[in-house]
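Let's take a walk through this fold, starting in the middle and working outwards. Have the model open and turn it as you read.

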Amino acid sequence: MDAQENKATPVRPRVAVLLPCLNEAAAIGGVIAEFRKVLADADIYVIDNGSEDATAEIAERAGAKVIFELQAGKGNAVRRAFAAVEADVYLLADGDGPGRHTVGRHLGDPEDAGQRGRGELDLVEPRDELAER
């Protein structure tokens, strides 16, 4: 067996972007597009927490999978997401507007994030650059 045959093929981690939302129709399409640019292979989920606007429809048109959680509260939406979604790396973010997320600079390559998720880091919390201004 030569050195080439002995190398294991690297497995790309399954990345899930979780976006709990309540009435975010004005922003959700842009947020999904922003994540899609940086994490093209990620599965993007919008957890609609009882929106009375077109959040779910816009999210589906933008390519996200929509999960409905009717029990009010972001904590309930997050619990529902973790119960419903299987992934190696989870990225939890707000669905309320482009510009707040600097995912490209903070997460980097999803393959690298998968390595960090294997014992080196349990939580990466990006800064909200708008709040720092």
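Strand β2, helix α3 (residues 55–61) and strand β3 form a β-α-β unit, and its hand is right. Keep in mind while you look that this is a predicted model. The two strands of that unit, β2 and β3 (residues 65–68), sit side by side in the parallel sense, with 4 bridges between them. To find the pairing by eye, go to V46, which stands opposite V66 in β3.

Now look at the other partner of β2. Strand β1 (residues 15–21) also runs parallel to β2, and 6 bridges join the two. Here a handy marker is V17, which faces I44 in β2. The connection has a familiar ring: β1, helix α2 (residues 28–38) and β2 make up a β-α-β unit that is right-handed too.

So what about β2 itself, residues 43–48: how many of its residues are buried? It's 5 of the 6, so the strand is largely enclosed by the rest of the structure. Buried here means under 20% relative accessible area.

Time to zoom out. The protein has 6 helices and 4 strands, and reading along the sequence gives α-β-α-β-α-β-α-β-α-α. Across the protein's 133 residues, 39% are buried. If you take the contacts with a separation of 6 or more, 67% of them link residues 24 or more positions apart. As for the outside, about 8100 Å² is exposed, and carbon and sulfur atoms supply 49% of that.

Conventions
Residues are numbered from 1 along each chain as its sequence is written. This is a predicted model: local features need pLDDT of at least 70, side-chain atom pairs count only at pLDDT 80 or more; totals for chains, interfaces and linings use all residues. Side-chain values use heavy atoms; hydrogens and water are left out. Buried means under 20% relative accessible area, exposed over 50%, partly exposed in between (1.4 Å probe, protein chains only). Contact means heavy atoms within 4.5 Å. Accessible areas come from the Shrake-Rupley method with a 1.4 Å probe; for residues, only the protein chains shown count as cover. Two strands pair if DSSP finds at least two bridges between them. A crossover is right-handed if, with the strands pointing away from the viewer, the path from the first strand over the helix to the second runs clockwise.
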